[in-house]
Amino acid sequence: MAILIRKATDIKPSEITPRSVYLDRRRFMQHALGASVLLAGDAMLPAWAKRWPELAKSPHSTDEVLNSFEDITTYNNFYEFGTGKSDPAKNAVNFDPKPWSITVEGECSKPGTFDLEDFIKPYALQEYIYRLRCVEGWSMVIPWVGFSLADMLKTFEPNANAKYVEFTTLYDKSRMPGQKRRVLDWPYVEGLRIDEAMNELPIMAVGLYGEILPNQNGAPIRLVVPWKYGFKSIKSIVKIRFMETQPRTTWNESAPREYGFYSNVNPNVDHPRWSQKKERRIGAPIWKPKIDTLMFNGYGEQVAHLYQGMDLVKNF
Ligand SMILES: Nc1nc2c(c(=O)[nH]1)N[C@H]1C(S)=C(S)[C@@H](COP(=O)(O)O)O[C@H]1N2
Ligand SMILES: [Mo]
């Protein structure tokens with residue numbers, strides 16, 4: 001079967017919205033997922049993702065060249081499915097992200113446990129084309145489908161004690177084989193300060209390239225925080241908790257000298273073992289030099305005010 005995908009360099013964001021591009025992606029995905037899905041087509045999609053309309057594009061979207069669907073879905077960090085870049089695409093094939101429920105708890109007046117479909121229903125889906133900068137020194141441009149994290153959090157009416165938000169990934173060794181090895185202290189947890197979480201940029205992503213989120217990218221729902229290193233964008237979320245105190249975060253506990261709570265993209269603060277000044281755009285031709293990493297991953301206009309007066313060397 002032919003791979004029905006163009007090279008990253010052929011796809012301009014201005015082309016992305018047309019349905020024909022999505023359909024190409026869907027065909028690619030069916031190819032990637034196997035014959036059963038190919039035959040079933042739309043019938044396999046959950047109700048909320050069927051025939052997504054042409055999505056409005058968030059004004060925060062970058063117009064840089066998109067990474068290909070193939071790059072985005074075969075070069076992943078998702079330790080629940082293995083530590084190699086190509087492991088998640090292989091080991092998450094049989095992961096079934098349904099049924100899925102999300103618990104919201106802690107410092108808020110409307111906590112509860114919700115089925116994914118009910119959880120998503122109130123929010124307008126948009127396309128958000130964001131840069132993702134991994135702490136390891138590579139980056140991608142990804143066309144997410146998602147909705148505003150701030151809009152979602154407000155629904156649960158956080159109270160005055162809600163100074164932070166914690167997110168937790170599913171913990172189920174039988175479904176996430178990487179959790180059988182203690183490479184991290186499972187379940188993966190992440191957190192944001194409440195004002196960071198209420199900023200206009202972060203999203204809950206439920207898709208990419210107009211498709212439901214591939215398993216390896218954090219199905220069925222994950223966080224995307226574009227001005228922070230990729231590990232803050234936690235995948236396959238089952239719990240959200242409003243807290244008065246700063247949440248624990250998995251990478252900070254794993255290597256506290258290397259990964260702080262904030263983890264803002266910052267070319268002026270090196271990782272103890274490597275420089276953060278430049279990055280390699282995945283999919284770029286090998287002869288292309290690395291590109292400069294931008295403060296706050298280029299989103300300073302939207303987020304620099306959150307850190308006014310803070311020492312970002314201490315608060316890395
Ligand atoms: N639960 C969980 N979330 C995770 C990770 C992980 O290992 N487990 N890896 C993080 C890292 S290091 C990065 S760079 C991004 C990668 O997201 P992508 O594979 O969709 O590009 O996911 C982040 N979210
Ligand atoms: Mo990362």
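Strands β4 (residues 138-148) and β7 run antiparallel and are joined by 5 bridges. The structure described here is a predicted model. This briefing covers the pairings of strand β7, an open sheet of 5 strands, the surroundings of ligand 1, and the position of Asp71 in helix α3.

**Strand β7 and its partners**

- Within the pairing of β4 and β7, which comprises 5 bridges, Gly146 has Ala205 of β7 as its bridge partner.
- Strand β7 spans residues 203-208 and is mostly covered, with 6 of its 6 residues buried.
- A further antiparallel pairing, over 3 bridges, links β7 to strand β9, which comprises residues 222-224.
- In that pairing, Ile203 has Val224 of β9 as its bridge partner.
- Strand β8, formed by residues 211-212, also runs antiparallel to β7, and 2 bridges join them.
- Where β7 meets β8, Glu211 of β8 stands opposite Leu208.
- β7 and β8 together form a hairpin in which 2 residues lie between the strands. Tyr209, located in the turn, has a positive phi of about 50°.

**The open sheet of 5 strands**

- The strands of this open sheet follow the order β2-β1-β10-β5-β6, and their pairing is mixed.
- Its edge strands are β2 (112-115) and β6 (189-193), each of which pairs on one side only.
- From one strand to the next, the twist averages 15°.
- Strand β5 (residues 164-169) is joined to strand β10 (residues 237-243) by 6 bridges, and these strands run antiparallel.
- β5 is also joined to β6, in this case by 5 bridges, again with the strands running antiparallel.
- Thr168 has a bridge partner in each of these neighbours: Lys239 in β10 and Val189 in β6.

**Edge strand β6**

- Strand β6 is mostly covered: 5 of its 5 residues are buried.
- Val189, Gly191 and Arg193 point one way from β6, while Glu190 and Leu192 point the other way.
- The residues on both sides of β6 are buried.
- One of the residues in the first group, Val189, is the β6 bridge partner of Thr168.

**Ligand 1**

- Ligand 1 is surrounded by 17 residues, of which the closest are Asn76, Tyr79, Glu80, Ser233 and Lys235.
- Lys235 places a polar side-chain atom 2.7 Å from an oxygen atom of ligand 1.
- For Asn217, a polar side-chain atom lies 2.9 Å from an oxygen atom of the ligand.
- Arg222 likewise has a polar side-chain atom 3.0 Å from an oxygen atom of ligand 1.
- Ligand 1 exposes 540 Å² when taken alone, and the protein buries 98% of that area.

**Asp71 in helix α3**

- Asp71 is found in helix α3, which consists of residues 69-74.
- Because its relative accessibility is 19%, and buried means under 20%, Asp71 counts as buried.
- Asp71 and Gly283 are 212 residues apart along the chain, and their C-alpha atoms are separated by 6.8 Å.

Notes
Residues are numbered from 1 along each chain as its sequence is written. Chains are lettered from A and ligands numbered from 1 in the order in which they are written. This is a predicted model: local features need pLDDT of at least 70, side-chain atom pairs count only at pLDDT 80 or more; totals for chains, interfaces and linings use all residues. Side-chain values use heavy atoms; hydrogens and water are left out. Buried means under 20% relative accessible area, exposed over 50%, partly exposed in between (1.4 Å probe, protein chains only). Helices (H or I, at least four residues) and strands (E, at least two) are DSSP runs, numbered from the N terminus. Two strands pair if DSSP finds at least two bridges between them. Axes are lines fitted to C-alpha atoms, for helices over the stretch in contact, and angles run from 0 to 180 degrees between N-to-C directions. A residue is near a molecule or strand if one of its heavy atoms lies within 4 Å of it. A polar contact is a pair of N or O atoms within 3.5 Å; within protein, one must be able to donate a hydrogen and the other to accept it, and residues adjacent in sequence count only if both atoms are side-chain atoms. Accessible areas come from the Shrake-Rupley method with a 1.4 Å probe; for residues, only the protein chains shown count as cover.
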